[in-house]
Amino acid sequence: MRPILFLYFFLPVALCAQSTRTYFEDDQRAPRERLVDFTHLRLEVAFTPEKGLVKGTVTHFFTPLRKEVDSIVLDGPGIRVLDLLLNGKKAEYKNEGDLIIIYCKPALLWETKDSLTITYEANPRKGLYFIGWNDPLNLSRKQIWSQGQGTDNRMWIPMYDEMNDKITSELIVRFDSKYKVLSNGTQLSSKSQKDGTTRWHYRMKNPHAPYLIMLGIGIYDIKTSKSKSGVPMNFYYYPEHKDRVEITYRYSEQMMDWFENETGFKYGWESYSQ
């Protein structure tokens, strides 16, 4: 009986020492280490929707996190870099398909404030979608919309596209004036241009993960409202479906009031849009 008792008492100890992971090993399950702290992203962008083409200039503002940083790595699968400036001067870079490697000569120094501006083009297969522009019967709604979660915004914006970095952001978009352009945060302006386009400017003042950058373009009408605490609320709908607005967005203001009262926290963003 003694050998049986010995095994009985010590077998659970042996089992507890074993790994209990139930998923496959994934060396990319944790975000890669940051060499710089990206703080703000400013994107100016236009489109040729019939070609699924993005034409953009993005400026990243950042601070090095090491004593010296001699290179910066951005995500940008399929992005074609046309021009690249580091602190306003042309910089050496390598486009390796999925990654854009920028060489800093001389090396950037700890706690300085730097900027990186990239002019580029892209025909994204994910992250940004062009809907209805090549419908031969012209029956489809023509729209452009993004879906960045979790790491798909890199397909149309060259960026550090990981969730271990938080940025503020602003989007400046030029598009045909027949369409509404939607994005995160506060709409700072929408100005008609002489070429028949409108220049839209949005800004997010609170830091957020890069995948949360959102863009939507289509023919919409907007119902505006506010919560009791003053949160601006925007409800978008297709003009021919005005009769669906009330039932679709019913109780949205009350929902905002309830959550603020229940949690004791004021809604943390500039606006709430659906």
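Me: How many nonpolar, polar and charged residues are in the lining of the largest pocket?
Reply: By class, that lining has 17 nonpolar, 14 polar and two charged residues. Keep in mind that this is a predicted model.

Me: OK, and how much space lies in that pocket?
Reply: About 720 Å³. There are 33 lining residues, and the closest to the pocket's centre are S183, M214, Y236, S273 and Q274.

Me: Which elements give two or more residues to the lining?
Reply: Strand 10, strand 12 (180–183), strand 13 (186–192), strand 14 (197–208), strand 17 (232–237), helix 2 (245–249) and strand 18 (272–273).

Me: Which strand gives the most?
Reply: Strand 17, with four residues.

Me: Let's zoom out. How many helices and strands are there in the protein?
Reply: The protein has three helices and 18 strands. Its length is 274 residues, and 41% of them are buried.

Me: What about the accessible surface, what does it come to?
Reply: About 16900 Å², with 55% of that belonging to carbon and sulfur atoms.

Me: And the contacts, what share join residues at least 24 apart?
Reply: Counting contacts between residues at least 6 apart in sequence, 67% join residues at least 24 apart.

Me: On to the inside. Which residues touch the most other members of the largest nonpolar core?
Reply: F47 and I72, out of the 44 residues in that core. Strand 1 (residues 36–48) supplies the largest share of this core, six residues. There's also a second, separate core of seven residues, with V231, V245, Y249 and M256 among them.

Me: What is F47 in contact with, leaving aside its neighbours within four places in sequence?
Reply: With that exclusion, F47 contacts L53, V54, L128, F130, I144, V173, F175, L215 and I217.

Me: I'm looking at V69 too. Is that one buried or exposed?
Reply: V69 is buried, because its relative accessible area is 2%, under the 20% cut-off. V69 is found in strand 3 (residues 68–75). Skipping neighbours within four places in sequence, V69 is in contact with L35, V36, P64, C104, A107 and L108.

Me: How many residues apart are V69 and K105, and what's the distance in space?
Reply: They are 36 residues apart in sequence and 9.5 Å apart in space, C-alpha to C-alpha.

Me: K105 caught my eye for its backbone. Which residue is joined to K105 by a cis peptide bond?
Reply: P106, with omega about 0°. P106 is found in strand 7 (residues 99–109). The peptide bond from Q149 to G150 is cis as well, with omega near -10°. G150 lies in the loop between strand 10 (143–146) and strand 11 (167–176).

Me: Why flag those, and positive phi values too?
Reply: Because most peptide bonds are trans, and most residues other than glycine have a negative phi. N87 isn't a glycine, yet has a positive phi of about 55°. E111, also a residue other than glycine, has a phi near 65°.

Me: Where do N87 and E111 lie?
Reply: N87 lies in the loop between strand 4 (80–86) and strand 5 (89–90). E111 lies in the loop between strand 7 and strand 8 (114–122).

Me: Last one: what are the relative accessible areas of N87 and E111?
Reply: N87 has 36%, so N87 is partly exposed. E111 has 63%, so E111 is exposed.

Definitions and conventions: Residues are numbered from 1 along each chain as its sequence is written. This is a predicted model: local features need pLDDT of at least 70, side-chain atom pairs count only at pLDDT 80 or more; totals for chains, interfaces and linings use all residues. Side-chain values use heavy atoms; hydrogens and water are left out. Buried means under 20% relative accessible area, exposed over 50%, partly exposed in between (1.4 Å probe, protein chains only). Contact means heavy atoms within 4.5 Å. A nonpolar core is a set of buried Ala, Val, Leu, Ile, Met, Phe, Trp, Tyr and Cys residues joined through side-chain atoms within 4.5 Å. Accessible areas come from the Shrake-Rupley method with a 1.4 Å probe; for residues, only the protein chains shown count as cover. On a 1 Å grid over the protein atoms alone, a cavity is a set of points where a 1.4 Å probe fits but cannot get out, and a pocket is an open set with protein on both sides within 12 Å along at least five of seven lines; lining residues have an atom within 4 Å of a point. Grid points are joined across faces, edges and corners, and a volume is the space filled by probe spheres set on the points. Ala, Val, Leu, Ile, Met, Phe, Trp, Tyr, Cys and Pro count as nonpolar, Asp, Glu, Lys and Arg as charged, and the others, Gly among them, as polar.
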